Amino acid sequence: MLLIYTHKISKRFTYTMKHIFTRILGIEVSFTTTVEDFIKHSGPKITYTKQPLQNEFFIKSNSLLFEQGIDDILIEVKDWEGFPCFFEADERSNIPFDIFAASFYLISRYEEYLPHVKDDLGRFPVKESLAYQNNFLQRPIIDLWAKKFLFLLKERFPEIQQRKKKYQFTSIVNVTTSHAFAYRGFVRTIGGILLDLSKLKFLRLAKRVMVWINPKKDPYNNFAYLMNLHKEVKCKTMFFFQFADYSRHDKNVSVFKNKFRFLIKSVADYSIVSLSASYGSSLSNKILKEEKSRLANLINRPVNYSRMRYNRVQIPKTYQDLVEAEFTEDYTMGYTHEMGFRAGTCTPFYFYDINLEVQQPIRIHPFAVCDYTFLKFKKQGQVFDKLDFMYREIKEVQGDFNMVFSNELLGSSNRLKWLELYKATLKRYYV
């Protein structure tokens, strides 16, 4: 077991060390503030404090892990042998940066507590992020720091033991609109026809009428194809269904439509099914709990996983609400229109609530890619050029490559052939 000496064992310190050592590196770790215990420890050990005790492996600590609350921190990103990093240490430190404080800054989403202008959906803008501004958004930088640190640590302590991680690819299918035209009800269908006519969308009108005659022709109804593909490829997949009342932002099929309910139950027979929470649920925890209860009753199993509408995560309120609603896992941490790691890591982590200075009992699974980012590309090869780079680094650190797809895009027309792209993506990255 690795022993870490520090001058103060704070909640931030414990949270960060467990993420880096236990979850990323697979190393058992314990902490002490007693010099005598540290000196007599015969196994691997390091000090994380302001100054070294003797000639041990020493990392000079930034004050961030020993503070409380939020400050407007001046950050200067520099190079660490090819890796961007910040919170520079002095020459006495065995590594030139405090990667633990830097990791906490990223995974706690510290910058999202600071004043910022939200986008039109109330989200933190990607261009406001430190990672985007310093060109490391598309790298699982925390995991890469940890791997580099481990190499140096093993030079000093070659006997150190670690539990190996395993790379995992997960395809997340987000279903906020299960059908484009089918099962919409008479009033909504007539309203859609009139809207198409007023905007001279005759091709869309023709499709709407054709689906009215034969609901199986609905362009978004690609679920049978997806299920067969998932069986063929044998990769981990999850479906998140919106199961909400109709509203301005939430326009799925009625939760009382038997065809829709049967679809969800049939998918749940072969795959993990959980809740894609509505926009309305982000405004009312009562609505969130009701949606969760409805879906659980339909599929006859607990609903523990969540995704928020439009990837709308408001730190820390969203996770406080999810904890109150008794969700244990969330798959919303990422950006809709930009590839990359919003929290700087490809390893699942527990949410740390800075306002309360406590680790919340909800595990966050960050996604690296949402399919809406592909809209900016003209060719499939351009997509894979970007994804291949991310895949290599995630595979290098044995992390999780989570990608979000929507049945809407998979069923729509575009210069990219969506279903072909999806199939190629699964086969390319699932191992």
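1. The largest cavity holds about 30 Å³ of space. The model is a predicted one. With a threshold of 30 Å³ or more, the count comes to 1 cavity.

2. Which residues line the largest cavity? They are Glu112, His116, Lys118, Phe124, Val313, Gln314 and Ile315. Sorted by class, this lining has 3 nonpolar, 2 polar and 2 charged residues.

3. Next, a pocket. The second largest pocket contains about 370 Å³ of space. Its lining is made of 15 residues. Nearest the centre of this pocket lie Asn221, Phe223, Phe262, Leu263 and Ser266. By class, the 15 lining residues split into 8 nonpolar, 5 polar and 2 charged.

4. Which helices contribute to the lining of the second largest pocket? Look at α8, residues 223–233, and α9, residues 258–268. Each of these supplies at least two residues of the lining.

5. Now the sheet. It is open, has 4 strands and pairs them in parallel. The order across it is β2-β1-β3-β4. Which strands stand at the edges? They are β2 (29–32) and β4 (57–60). Each has a single partner strand, so one side of each is left without a neighbour in the sheet. On average, neighbouring strands of this sheet are turned by 25 degrees against each other, direction ignored.

6. Take one pair of strands from the sheet. Strand β1 covers residues 2–5, and strand β3 covers residues 45–49. The two pair in the parallel sense over 3 bridges. Tyr5 stands opposite Thr47 in β3.

7. A helix packs on this sheet. Helix α1, residues 11–25, touches β1, β2 and β3. The direction of α1 makes about 150 degrees with that of β2.

8. Stay with helix α1, and find His19 in it. Is His19 buried or exposed? His19 counts as buried, because its relative accessibility is 0% and the cut-off for buried is under 20%.

9. What does His19 contact, leaving aside its neighbours within four places in sequence? One contact is Ile24, and another is Ile107. Thr345, Thr347, Pro348 and Phe349 are also in contact with His19. To follow this in the model, start from His19 in helix α1 and look for each of these residues in turn.

How values were computed
Residues are numbered from 1 along each chain as its sequence is written. This is a predicted model: local features need pLDDT of at least 70, side-chain atom pairs count only at pLDDT 80 or more; totals for chains, interfaces and linings use all residues. Side-chain values use heavy atoms; hydrogens and water are left out. On a 1 Å grid over the protein atoms alone, a cavity is a set of points where a 1.4 Å probe fits but cannot get out, and a pocket is an open set with protein on both sides within 12 Å along at least five of seven lines; lining residues have an atom within 4 Å of a point. Grid points are joined across faces, edges and corners, and a volume is the space filled by probe spheres set on the points. Ala, Val, Leu, Ile, Met, Phe, Trp, Tyr, Cys and Pro count as nonpolar, Asp, Glu, Lys and Arg as charged, and the others, Gly among them, as polar. Two strands pair if DSSP finds at least two bridges between them. Axes are lines fitted to C-alpha atoms, for helices over the stretch in contact, and angles run from 0 to 180 degrees between N-to-C directions. Contact means heavy atoms within 4.5 Å. Buried means under 20% relative accessible area, exposed over 50%, partly exposed in between (1.4 Å probe, protein chains only).
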